[in-house]
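Subject: Structure for you to look at

Dear colleague,

Here is the structure I promised to hand over, with the sequence alongside. Please open it before you read on, and then compare what you see with my notes.

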Amino acid sequence: MRDGMETVWARAELESPRIRHYREILRVRPEDSESVLKRNYRKLALALHPDRNPGRTETHKVFAEIAVAYETLSDPLRIEELNKEFRESLRSRIRVGNRV
C-alpha cells in the first residue's frame with residue numbers, strides 16, 4: 001500500500017497554496033510564459049510603486065508582495081521547493097490522521 005501511495009503522490013500535481021496565491025496576485029496561470037509573468041509584474045509594479053503613491057501605505061505593502069511573488073514565480077527551483085514542502089506536509093498530515 002505504501003508504494004501505491006508514493007506513486008499517487010509522485011503523479012499528483014499538487015501546487016502549494018502560496019504559489020497559487022502568488023499567481024493570483026500577478027494574474028498569471030501555470031501555463032503562462034515568462035514574458036506574460038514579467039509583463040504583468042511590470043504593469044502592477046508601475047501602478048503600485050511607492051514613488052507614484054506617496055502616503056498610501058497599503059500600496060507599499062502590495063508593492064512588496066508583488067515583488068516577492070515575481071521573484072518566486074520567476075525561479076522554477078523555488079516553485080518546486082515550495083510545492084515539495086507542501087506535498088510533504090500533506091503526507092505527514094495523512095500519516096498522523098491514519099494513526100488516530
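What follows is an account of what was found, going from the whole chain to the helices and then to single residues.

Please keep in mind throughout that this is a predicted model. The protein has five helices and zero strands, so that reading along the sequence gives the pattern α-α-α-α-α. Of its 100 residues, 31% are buried, and the accessible surface comes to about 7300 Å², with 54% of that surface belonging to carbon and sulfur atoms. Among the contacts with a separation of 6 or more, 59% are between residues 24 or more positions apart.

Helix α4 is a convenient place to begin. It covers residues 57-73, and at 1.5 Å a residue its 17 residues should span 24 Å, which agrees with the 25 Å between its end C-alpha atoms. Which residues of α4 are buried? They are Thr-59, Phe-63, Ile-66, Ala-69, Tyr-70, Thr-72 and Leu-73. As general background for reading such a list, an α-helix has 3.6 residues a turn, so residues three or four places apart point the same way.

Two helix pairs involving α4 were examined, and the usual way of describing two packed helices is by the angle between their axes and the distance between the axes. In the pair of α4 with α3 (residues 34-48), the angle is about 165 degrees and the axes are 10 Å apart. Angles over 145 degrees count as roughly antiparallel, and α3 and α4 are therefore roughly antiparallel to each other. The crossing of α3 and α4 is left-handed. On the α3 side the contact is made by Glu-34, Leu-37, Lys-38, Tyr-41, Leu-44, Ala-45 and Leu-48, while α4 contributes Thr-59, Val-62, Phe-63, Ile-66, Ala-67, Tyr-70 and Leu-73.

In the pair of α4 with α2, the axes come within 9 Å and cross at roughly 115 degrees, again in a left-handed crossing. Here the contact is made by Ile-19, His-21, Tyr-22, Arg-23, Ile-25 and Leu-26 of α2, together with Glu-65, Ile-66, Val-68, Ala-69, Tyr-70, Thr-72 and Leu-73 of α4.

Tyr-22, which lies in helix α2, is worth following individually. Is Tyr-22 buried or exposed? At 10% relative accessibility, Tyr-22 counts as buried, and, leaving aside neighbours within four places in sequence, Tyr-22 is in contact with Val-68, Ala-69, Thr-72 and Leu-73. Its C-alpha atom is separated by 9.9 Å from that of Ala-67, a residue 45 residues apart from Tyr-22 along the chain.

Glu-71 is also in helix α4, but it is exposed, with a relative accessible area of 59%. From C-alpha to C-alpha, Glu-71 and Tyr-41 are 9.9 Å apart in space, and they are 30 residues apart in sequence.

Away from α4, consider Ser-16, found in the loop between α1 (2-11) and α2 (17-26). With a relative accessible area of 5%, Ser-16 is buried. Not counting residues up to four places away in sequence, what does Ser-16 touch? The residues are Leu-82, Asn-83 and Phe-86. A further residue to compare with Ser-16 is Glu-80, which is found in helix α5 (residues 76-99) and is partly exposed, with a relative accessible area of 41%. Glu-80 and Ser-16 are 64 residues apart along the chain, and their C-alpha atoms are separated by 9.2 Å.

Lastly, there is a point of backbone geometry at Arg-27, which lies in the loop between α2 and α3. Although Arg-27 is not a glycine, it has a positive phi of about 55 degrees. At 63% relative accessibility, Arg-27 counts as exposed.

With best wishes

Key
Residues numbered from 1 in each chain as written. Predicted model: local features only at pLDDT ≥ 70, side-chain atom pairs only at ≥ 80, totals over all residues. Heavy atoms only, no water. Helix = DSSP H or I, 4+ residues; strand = E, 2+ residues; numbered from the N terminus. Buried < 20%, exposed > 50% of the residue type's maximum accessible area, 1.4 Å probe, protein only. Contact = heavy atoms within 4.5 Å. Areas by Shrake-Rupley, 256 points an atom, 1.4 Å probe, with all protein chains shown as cover. Expected span 1.5 Å × (residues − 1). Axes fitted to C-alpha atoms, helices over the stretch in contact; angles between N-to-C directions. Parallel < 35°, antiparallel > 145°, perpendicular 65-115°, else oblique. Left-handed = near helix turned anticlockwise from the far one by under 90°.
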